[in-house]
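Trainee: Please take me closely through one part of this model, chain A, beginning with its sheet and then moving outward to the places where it meets its neighbours.

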Amino acid sequence: MPDGSYERPQQRQFNPYSENGGTILAIAGADFSVIAGDTRQSEGYSIQTRYAPKVFRLTERAVLAVNGFAADGNMFVKKVKQRLEWYRHAHAKDMPLRAIARLIQTMLYAQRFFPYYVYNILGGIEEDGTGAVYSFDPVGSYEREACRAAGAAQSLVQPFLDNQIYFKNQTPAPGASHPTHLPLPDVLSIVIDSFTSATERHIEVGDGLEIYVVLAKGRSTQELASIGGLQELSTRAEGDRMFVIRRDLKKD
Amino acid sequence: MDHFPTNWGRPRNELYDQYNTFPLHQRPTNHTDTFTDGVQRTQQPIVTGTSVLAIQYKDGVMMAADNLASYGSLARFRDITRLHAVGTSTIVGASGDMSDFQYLQRVLDEIVTDEFTAGDGNSLGPAEVHEFLARRMYARRSKMNPLWNALLVGGIQNGKRFLAFVDLLGTTYSASSLATGYGAHIALPILRQDVDPNPDAITEEAAREILRKCMRVLYYRDARSLDKYQIATVTSAGVSISEAQKLDTNWDFAEKIRGYGSQTQ
Amino acid sequence: MFRNTYDSDNVVFSPQGRLHQVEYASEAVKQGSAVVGLRSKTHSILLALKRSLGELAAYQQKMYRIDDHVGIGIAGLTSDARVLSNFMRQQAMGSRMQFNRPIPVNRLVSSIADKAQVNTQEYGRRPYGVGFLVIGQDKNGPHLYEFSPSGNSYEYYAMSIGARSQSAKTYLEKHYESFIDCSLEDLIRHGLHALRETLQQDKELTISNTTIGIVGPAGAHEKDVPPEGGFRILENEPIQVYLSRMQPKRAPEEPAAAEQTGAANEPEEGATHGSTADEDVQMGE
């Protein structure tokens, strides 16, 4: 070619990744944990489906939310579940939350040079009965936090959480102080508000909302009684309880 | 490079392993790239099929695809079936690379045969076929050697309708109406409008009409489509794929189009 | 001392057409403590007698969970059982990974039977020294299978393997026709009665030496069983309720009489191991 454009071989590379939108979010309370995600799955401007779960029950007391490239996310959840099953075979009990967190970091880092293109948020109850949230980056860096948002609307939701959960830019009344943990009804309101707002302002968020609530053993379920669309997922009468709340979000 | 001569295949294994030192059951059955250091991978589809449409309706699932396999912009093969029955309760429709689809057809037929020869009364339903395809597609994309297709899998399992999508990346999802490729942009909004409010209210005839309507819209707008198409239905009675049928189209409006080329008035 | 060699490997038939190594492996199964399996329309259950090496030692595990819907009871070499149960777990998980479906129970059993068969034919290998009773449920309902080192697997209404299992079999043969309509509680009671037959004279079934494995819906005395009624193992305190519902032991002469009549009804076991007409083998000292 006169312009020299074919002098070097042209490489068109297959791109093994995609980005499927949506947002996830988790907040830890003193003795509970709330993990939520919208159910829209999209690619570009197309909505692929209005119901594709991003939040998954792992054990009686652990829930994993996965956001990013949906195929990687589903595969990753499937693999984590199988690892947990092997743990159950070996130890005849469920893996504790902090161990699941470390397992996830190991599994993510194992793919360091061909990463799972997913942001994970793990929520649940620790062995000491406290509510916990762990957040991860795609290659396994992780930390325990009180709250975290990830995904398409992270930049909209996280500042809101910083303000409402961590009380950033709020000054307590003289002589008063901010609480370390919010009560469950407040947390649920914040979660719902986060998603309705994100739905308004982000095209990749909407359609449906799934909120998982894990309550530590012995905690009252009173505060959930009045919530619509509630379904219990626990299989044991005693021990930690797990619920899911399904709500609609705007579909436009 | 595989250094086990017994794994090389022909010439006969006995020449290299006279005393059968390599245990029978560990011997790999096939090696494709023993002598190949450089391997060709699919970087782009070659002979392609365009959109596949599918909806759920009262009695099951209905799927449509035209009979064209294009070579770039050339309408190369005009009698290709892109709908494939898997067992007695599943239909798979494929867009994208047709040779990859034909490979998948062979693989699917193999697992159906294996399932049948087990002879224990178990069979693969659409959910299993879809999971299987999703794992295959994802595994191939992870090897950077994708099967260049977007597939729809539909059927009936335990009296419940099933309809789901899987593509070359291993991305999956399900909904009551689905479309691949160009159809996802042009036909899917129409399908959603007709189907999503209540699939149970759609009779077989109505479902057929909805798909026909969308195939016609696609034929008007998609330059890689054909006016010859097939419809597959899966109901509790089984799978059936129709004969190829012709779309009735009307191009009268073309005469009145003005305002481009030499026809300025 | 003369000792002919037809039993020294597994690739040579004896002139009687038998593979002695395989038969010896079946003897290893009989060294293990007994496992009993029964099936009703709704449930399959396993009952096993656990052994302990002594006062100071824990009881040996006799049952393994394979998947939500499958579990096994073992008799014979525990280490071989661990290898095989691990393989079964891999198969079960493979099915969930590839097709997202629980593996059909018969295929799982066939897969280990095929593995065992290789060891009865290929040079330089030894058969597995363990037998399984496998219970599981799939769309056809509950199942009970026996797996043996010979590479055979059969489905049963009721079966027992391991030490003195013939006595249990005699009990099962007498009562099996009633099993199909039994409640879980009655099925367990039958199982415990059968298992009791395998005990030595001075021994009793206790909550520490008995294990019960169940697939099927929750029974009257169970709690926290998921609605699918997957495989679960009952040990210690929870089985007290079943033990206390057993009928008191019969007079000592009765089981002995039963044992004799039962032996005749066992063509498979009798033909392979029970025979004394075995002339080309003299076991080494």
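Mentor: Two strands are said to pair if DSSP finds at least two bridges between them, and the elements themselves are DSSP runs numbered from the N terminus, helices being H or I runs of at least four residues and strands being E runs of at least two. What you see is a predicted model, in which local features need pLDDT of at least 70 and side-chain atom pairs count only at pLDDT 80 or more, while totals for chains, interfaces and linings use all residues. Residues are numbered from 1 along each chain as its sequence is written, chains are lettered from A and ligands numbered from 1 in the order in which they are written, and side-chain values use heavy atoms, with hydrogens and water left out.

Chain A contains an open sheet of six strands, antiparallel in its pairing, whose order is β10-β1-β2-β11-β13-β12. At its edges stand β10 (147–151) and β12 (230–232) of chain A, each of which pairs on one side only. From one strand to its neighbour the sheet turns by 15° on average, direction ignored; here and below, axes are lines fitted to C-alpha atoms, for helices over the stretch in contact, and angles run from 0 to 180 degrees between N-to-C directions. Within the sheet, β1 (residues 23–28) and β2 (residues 32–38) of chain A are joined in the antiparallel sense by five bridges, and A:Ala28 has A:Ser33 in β2(A) as its bridge partner.

Helices also meet this sheet, contact being taken as heavy atoms within 4.5 Å. Helix α3 (residues 154–164) of chain A packs on the sheet and touches β1 and β10 of chain A, its direction making about 170° with that of β10(A). Helix α4 (residues 184–201) of chain A, in turn, lies across β1, β2, β11 (208–215) and β13 (241–248) of chain A, and runs at about 15° to β2(A).

Moving outward to chain B, we find 24 residues of chain A in contact with 21 residues of chain B. Together the two chains bury about 1900 Å², 51% of it on carbon and sulfur atoms, where buried area means the accessible area (1.4 Å probe) that two parts lose on being put together, summed over both. Two salt bridges are counted between chain A and chain B, the term requiring a side-chain nitrogen of Lys or Arg within 4 Å of a carboxyl oxygen of Asp or Glu; in one of them, B:Arg141 meets A:Asp72 at 3.0 Å, N to O. On the chain A side, β3 (41–43), β4 (46–49) and α1 (70–91) each supply at least two of the residues that touch chain B, and α1(A) gives the most, with five residues. That side divides into 10 nonpolar, nine polar and five charged residues, if Ala, Val, Leu, Ile, Met, Phe, Trp, Tyr, Cys and Pro count as nonpolar, Asp, Glu, Lys and Arg as charged, and the others, Gly among them, as polar.

Chain A also meets chain C, in a contact that takes 12 residues from chain A and 13 residues from chain C. The area buried between them is about 1100 Å², with carbon and sulfur atoms giving 55%. In chain A, the residues that lose the most area to chain C are A:Gln82, A:Trp86 and A:His89, which together make up 48% of what that side buries. Two salt bridges are found across this interface as well, and C:Arg65 forms one with A:Glu85, the closest N and O atoms being 3.0 Å apart. The chain A residues that touch chain C divide into three nonpolar, three polar and six charged.
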